[in-house]
Amino acid sequence: MQQLEAERADEARREELRSSLKAVRARISAAVSASGRTEAPQLIVVTKYFPASDVLALTELGVSDVGENREQEAGPKAHAVAEAGAHPRWHFIGQLQSNKASRVLRFASEVHSVDRGSLVSALDRATRRRAEEAESSGAPTPEPLGCYLQVDLRDAADRQAAAGPSRGGAGPADLARLADQVAATPWLALRGLMAVAPLGEEPRAAFDRLAALSSVLTADHPEAGEISAGMSSDLEAAVAAGATRLRIGSDVLGRRPALG
Ligand SMILES: *Cc1c(COP(=O)(O)O)cnc(C)c1O
């Protein structure tokens with residue numbers, strides 16, 4: 001009896017995810033058409049606060065990329081999902097302490113929150129060590145870790161006054177130096193830029209600044225043209241401004257129990 005109820009609950013959750021995912025995909029398609037773009041951005045479903053069973057259900061619904069923002073939560077979740085036989089690409093999108101770099105490497109293929117030189121150094125050391133260990137044990141050579149530089153899009157005055165909590169990110173003036181630092185490492189691959197729209201501003205204006213910074217970056221690093229921007233509330237603005245990666249959580253999975 002209890003098992004039957006559990007199966008019904010599972011099935012109900014799966015239906016819920018199927019329909020919310022369908023609605024989000026429809027919004028993305030509409031935004032792509034409206035902006036006259038030909039290529040759709042890649043959808044990363046942000047599964048933070050939700051269980052491994054939801055990630056499994058999403059992979060069955062065709063989701064290939066998932067995002068998480070806390071290493072302590074994501075590590076075990078990624079492990080459980082792999083044990084169940086599913087292998088989505090994991091994107092780490094949260095603020096990252098340098099001493100957690102090697103833990104994040106265990107599951108993530110991409111880190112969207114690279115925002116300071118000390119973190120690049122830590123990721124460089126961790127990926128070198130991983131490559132050396134693979135080589136000495138005869139394991140397959142690991143893929144380089146994809147890196148996005150996270151930009152703080154608040155204007156300089158707001159940054160100075162620290163108006164509101166920082167949501168992470170390097171100032172625009174630091175991007176060139178960070179990009180060169182990533183590009184000089186053997187096992188980090190510079191993918192592009194990431195940002196969260198600042199509070200209290202039209203997201204479109206902020207995402208247009210991000211696109212302009214991306215053009216500057218790709219002049220020196222043509223391989224780094226990805227733009228990770230757009231969440232549930234502002235995906236249309238991000239698509240219009242040229243985002244190539246969308247990070248969508250609540251509109252697929254539902255409201256999170258707490259802020260995050
Ligand atoms: C949680 C989170 C998202 C997803 O936000 P939603 O509003 O739930 O779509 C995207 N990016 C980052 C960095 C996040 O922390």
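Which residue just after α5 takes a positive phi? Hi everyone, that residue is Gly138, with a phi of about 75°. Before I go on, a word on the model: it is predicted, with local features needing pLDDT of at least 70 and side-chain atom pairs counting only at pLDDT 80 or more, while totals for chains, interfaces and linings use all residues. Residues are numbered from 1 along each chain as its sequence is written, and side-chain values use heavy atoms, leaving out hydrogens and water.

Back to the helix. α5 runs over residues 117-137, helices here being DSSP runs of H or I with at least four residues and strands E runs of at least two, numbered from the N terminus. Its 21 residues reach 30 Å from first C-alpha to last, close to the expected 30 Å, which is 1.5 Å times one less than the number of residues. Among its buried residues are Gly117, Leu119, Asp124 and Ala134; buried means under 20% relative accessible area, with a 1.4 Å probe and protein chains only. The cover over them includes β4 (108-114) and α7 (175-183), counting contact as heavy atoms within 4.5 Å.

Now for the ligand. Twelve residues surround it, and Lys48, Ser232, Gly249, Ser250 and Arg256 come nearest; near means a heavy atom within 4 Å. What about polar contacts, meaning N or O pairs within 3.5 Å? A ligand oxygen is 2.7 Å from a side-chain N or O atom of Lys48, and a ligand nitrogen is 2.9 Å from one in Arg247. Another pair, also involving a ligand oxygen, is 2.7 Å long and uses a polar backbone atom of Ser250.

Definitions and conventions:
Polar contact = N/O pair within 3.5 Å; in protein donor to acceptor, adjacent residues only side chain to side chain. Buried < 20%, exposed > 50% of the residue type's maximum accessible area, 1.4 Å probe, protein only.
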